[in-house]
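Trainee: Can we walk through this one together, slowly?
Mentor: Sure, have a look at it and then ask away.
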Amino acid sequence: AVHAQFDRVLNALEEKLPAVATHLETARADVLAFTGFPKEIWRQLWSNNPQERLNREIRRRTDVVGIFPDRGSLSRLVGAVLAEQHDEWIEGRRYLGLDVLSRSRLTLVPTEKEEQTTELGALSA
């Protein structure tokens, strides 16, 4: 269904914005890369909420200090926030569970070139 929707979007764009349609068609594999993973984690793959949350926390901590005496002190504060977040991700709840990630590693999505090679091999056999 996702690939069919992508094709419908391309068809709609071809008349009004042919350059955009061509660009999207070229980037098809990258845009639809998420479909190679299990459906239950698509929401996490689409979202950038963890990154936004981390940026908000860095902004909050730097706003408290206000003015930094030098660039090194800013780097130390942001580094401490990042280290704290890393520890929290290691010890706390995972954004993507290990069971889902292990299942997604087992999903092989053949590339267009591999499919053509397979077809050619089947034809010659």
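A few questions and answers about the structure follow.

Mentor: Before you start, this is a predicted model, where local features need pLDDT of at least 70, side-chain atom pairs count only at pLDDT 80 or more, and totals for chains, interfaces and linings use all residues. Residues are numbered from 1 along each chain as its sequence is written, and side-chain values use heavy atoms, with hydrogens and water left out.

Trainee: How many helices and strands are there in the chain?
Mentor: Helices (H or I, at least four residues) and strands (E, at least two) are DSSP runs, numbered from the N terminus. Along the sequence the pattern reads α-α-α-α-α-α-α-α. So the count, by that DSSP definition, is eight helices and zero strands.

Trainee: Is T62 buried or exposed?
Mentor: T62 sits in helix α5 (residues 49-65). Buried means under 20% relative accessible area, exposed over 50%, partly exposed in between (1.4 Å probe, protein chains only). T62 has 15% relative accessibility, so T62 counts as buried.

Trainee: Which residues is T62 in contact with, leaving aside neighbours within four places in sequence?
Mentor: Contact means heavy atoms within 4.5 Å. One partner, L74, is twelve residues away in sequence, with 7.8 Å from C-alpha to C-alpha. With those neighbours left aside, the contacts of T62 are F68, L74, L77 and V78.

Trainee: What share of the 125 residues of the chain counts as buried?
Mentor: Use the cut-off we applied to T62, under 20% relative accessible area. For the 125 residues of the chain, the buried share is 16%.
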